[in-house]
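Student: I would like a close look at one part of this structure, with the residues around it followed outward from contact to contact. Please give the cut-offs as you go.

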Amino acid sequence: MSTQGRDRHERDASWLFLPQRKEHHLRRNKEFQTVYRQGRFFASPDLVLYCLPQEDAQKSRIGYSVARKAGSAVTRNRVKRRMRELVRHHAGKLPSSGYDFVLLARQAAVDKSFQVLETTYTTLISRFLHWCNQARRH
RNA sequence: UGAGCAGAUCGGGUGGUCGCGACAGGAUCUUCGAAAGAGGCCUGUUGAGGAAAGUCCGGGCUUCGUAGGGCAGGGUGCUGGGUAACGCCCAGUGAGGGAGACCUUAAGGCUAGUGCCACAGAGAGAUACCGCCGUAGCCGCUUGAAAGCGGAUGCGGUAAGGGUGCAAAGGUGCGGUAAGAGCGCACCAGCAGUCAGGUGACUGACUGGCUCGGUAAACCCCACCCGAAGCAAGACCGAAUAGGGGAGGAAUGAAGCUGCCCGCUGACCUCCCGGGUAGGUCGCAUCAGGCAUCGGGUAACCGAUGUCGCAGAUAAAUGACCACCUCGCGAUGUUUUCGUAUCGUAUGACAGAACCCGGCUUACAGAUCUGCUCAGCUG
RNA sequence: UGGGGAAUCGUCUAAUGGUAGGACUGCAGACUCUGGAUCUGCCUGUGAGGGUUCGAAUCCUUCUUCCCCAA
């Protein structure tokens with residue numbers, strides 16, 4: 001990478017993958033449905049990570065989902081905020097382009113603390129990266 | 001000190017690191033752009049509730065409809081007031097509950113009409129089953145005869161007693177009578193009228209004839225109120241694809257209805273127009289606003305003055321981590337107990353704004369304040 | 001977010017305010033060498049609280065749960 005490019009990279013934050021920002025969120029119900037239907041998933045008792053490769057996408061996007069059965073509005077919001085915090089903390093581990101993700105919380109995730117969710121999330125991500133490498137080899 | 005009643009307030013605090021939404025400003029570094037500007041960047045400010053909930057009422061606002069009135073349908077239902085309005089609030093009245101502070105109350109009209117009151121019971125707008133009493137003839141007993149006693153039957157009186165039932169035609173007592181009955185009297189309850197007080201619901205006094213079941217959260221009657229739908233309302237911009245309208249060319253017109261003529265439909269290309277989907281922008285937060293003081297009012301509330309500016313998302317912004325403090329809770333140690341030490345714990349209640357307000361209802365760990373009642377003890 | 005509707009045995013459904021009925025299922029018995037079919041009997045219910053009424057599945061009210069529509 002040239003010095004010019006690095007300057008540009010440092011100053012322009014739009015190049016970075018900041019998944020807490022709005023433009024990296026999945027917004028439309030249709031997009032969620034396509035990810036569920038055509039994507040691959042990695043599951044644990046607490047969380048499920050769906051992913052779908054998008055070849056022409058400049059930025060990866062991620063959506064969060066908590067079922068209505070999981071609890072009241074307060075608990076659902078809390079879980080969603082924790083998931084968003086997880087993604088922000090481990091932003092560098094996900095590819096910054098070419099994928100749509102959906103992170104779905106199961107009912108067991110309601111009672112879990114942030115640290116427990118963090119460990120399960122990291123294992124999910126490592127499994128996802130392992131799958132990526134396998135796919136690239138083929 | 002204990003038990004309780006009513007009302008009001010709060011719903012952890014301080015600080016730090018990283019991060020999110022909105023608004024304002026800055027710089028002109030960078031991306032897009034012809035520019036204006038937008039995004040990124042930097043700085044600052046600000047960011048959930050008492051119920052934000054349920055969606056049970058009422059209003060604003062928007063679109064549609066509408067001359068006016070009525071019917072239908074729905075709602076409310078003691079009186080007076082408050083309010084933008086309400087099924088809400090305040091004050092009062094009646095009824096019920098509590099020892100009391102106080103609480104509860106859909107509480108107009110069955111004397112406008114209709115319906116219903118199962119089972120039981122003789123009878124549930126009407127009654128005589130068992131009874132009680134009178135009377136008529138008959139039978140039996142007794143007797144010299146009459147009278148008397150008993151029995152069944154017919155006719156009549158009665159609503160005392162029995163029984164049924166949630167409820168049986170005012171209740172209790174005395175008189176009265178063949179037996180009874182408000183038939184008469186006293187008290188009580190109810191009804192009607194007159195007078196007095198009150199704006200009124202109603203209350204009090206007197207008089208009267210003595211009386212006429214319950215049910216309207218049954219139909220209904222009476223009084224008052226109500227147009228419908230909802231911010232995903234509505235307004236504006238508007239891609240792709242398909243389709244619509246117009247003009248011109250093709251055109252001295254392809255093809256079809258049809259063998260011919262008229263007539264009708266009308267292939268392909270270019271330009272223009274409007275509707276409208278995806279999507280986007282606005283609507284979108286300055287208010288029937290909060291707080292303080294003063295004045296009016298018993299109060300709800302109203303008026304005046306001053307002051308404050310207090311969320312605005314749209315897969316939906318408040319989170320993660322750390323330190324300390326305070327109250328509570330739990331565990332452990334010590335102690336007869338009071339207590340005290342250490343550790344853990346804000347996962348330590350209910351719960352997340354979605355167009356905006358006024359109420360109601362429901363959920364809620366814990367803490368605080370004010371007034372009042374009852375009981376016990378002490379002075 | 002807004003609007004609309006429903007709740008009756010394990011399931012599907014009836015029931016003017018007056019004993020909650022029927023079908024299927026389940027259990028027991030009879031019949032049969034055994035099973036099925038058939039017959040007989042039994043079990044099991046008004047979503048929760050409060051009110052009106054002599055009496056509520058039903059009327060009124062407050063909650064709970066579920067479903068549908070608008071996208």
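Tutor: Helices (H or I, at least four residues) and strands (E, at least two) are DSSP runs, numbered from the N terminus. By that rule Tyr-36 belongs to helix 2, which covers residues 29–38, and Tyr-36 is a convenient place to start. The model is predicted, so local features need pLDDT of at least 70 and side-chain atom pairs pLDDT 80 or more, while totals for chains, interfaces and linings use all residues. Residues count from 1 along each chain as its sequence is written, chains are lettered from A and ligands numbered from 1 in the order written, and side-chain values use heavy atoms, without hydrogens and water.

The frame comes before the detail. Chain A contains 4 helices and 4 strands, and along the sequence these run α-α-β-β-β-α-β-α. Of its 138 residues, 36% are buried (under 20% relative accessible area; exposed is over 50%, partly exposed in between; 1.4 Å probe, protein chains only). Contact (heavy atoms within 4.5 Å) in chain A is dominated by distant partners: among contacts with a separation of 6 or more, 77% join residues 24 or more positions apart.

Tyr-36 itself has a relative accessible area of 25%, and this is why it is classed as partly exposed. Setting aside neighbours within four places in sequence, Tyr-36 is in contact with Tyr-50, Ser-65, Val-102 and Leu-104. Arg-106 gives a sense of scale: 70 residues separate it from Tyr-36 in sequence, and the C-alpha atoms of the two are 15 Å apart.

Ser-65, one of those contacts of Tyr-36, leads into the strands. Ser-65 is part of strand 3, residues 61–66. Its relative accessible area is 18%, so Ser-65 is buried. Residues up to four places away in sequence aside, Ser-65 touches Tyr-36, Met-83, Leu-103, Leu-104 and Ala-105. Two of these names recur: Leu-104 is also in contact with Tyr-36, and Ala-105 is also touched by Val-79.

Val-79 is therefore the next stop, and it is buried, at a relative accessible area of 5%. Val-79 lies in helix 3. Besides Ala-105, Val-79 touches Val-66, Ala-109 and Val-110, again not counting residues up to four places away in sequence. Between the C-alpha atoms of Val-79 and Tyr-121 there are 13 Å, with their positions 42 residues apart along the chain.

Tyr-121 brings in helix 4. Helix 3 (residues 73–89) packs with helix 4 (residues 114–137) at an angle of about 55°, and their axes are 10 Å apart (axes are lines fitted to C-alpha atoms, for helices over the stretch in contact, and angles run from 0 to 180 degrees between N-to-C directions). On the helix 3 side the contact is made by Arg-82, Glu-85, Leu-86, Val-87 and His-89, and on the helix 4 side by Phe-114, Leu-117, Glu-118 and Tyr-121.

Ile-125 also lies in helix 4. With a relative accessible area of 2%, Ile-125 is buried. Ile-125 touches Lys-93 and Leu-94, leaving out residues up to four places away in sequence. From Ile-125 to Val-79 the C-alpha separation is 18 Å, for 46 residues in sequence.

One further strand residue completes the picture. Pro-53 is in strand 2, residues 47–53. Pro-53 has 39% relative accessibility, so Pro-53 is partly exposed. Apart from neighbours within four places in sequence, Pro-53 is in contact with Gly-98 and Tyr-99. Its C-alpha atom is 17 Å from that of Ser-126, which is 73 residues away along the chain.

To retrace the path: Tyr-36 is in contact with Ser-65, Ser-65 touches Ala-105, and Val-79 touches Ala-105 too.
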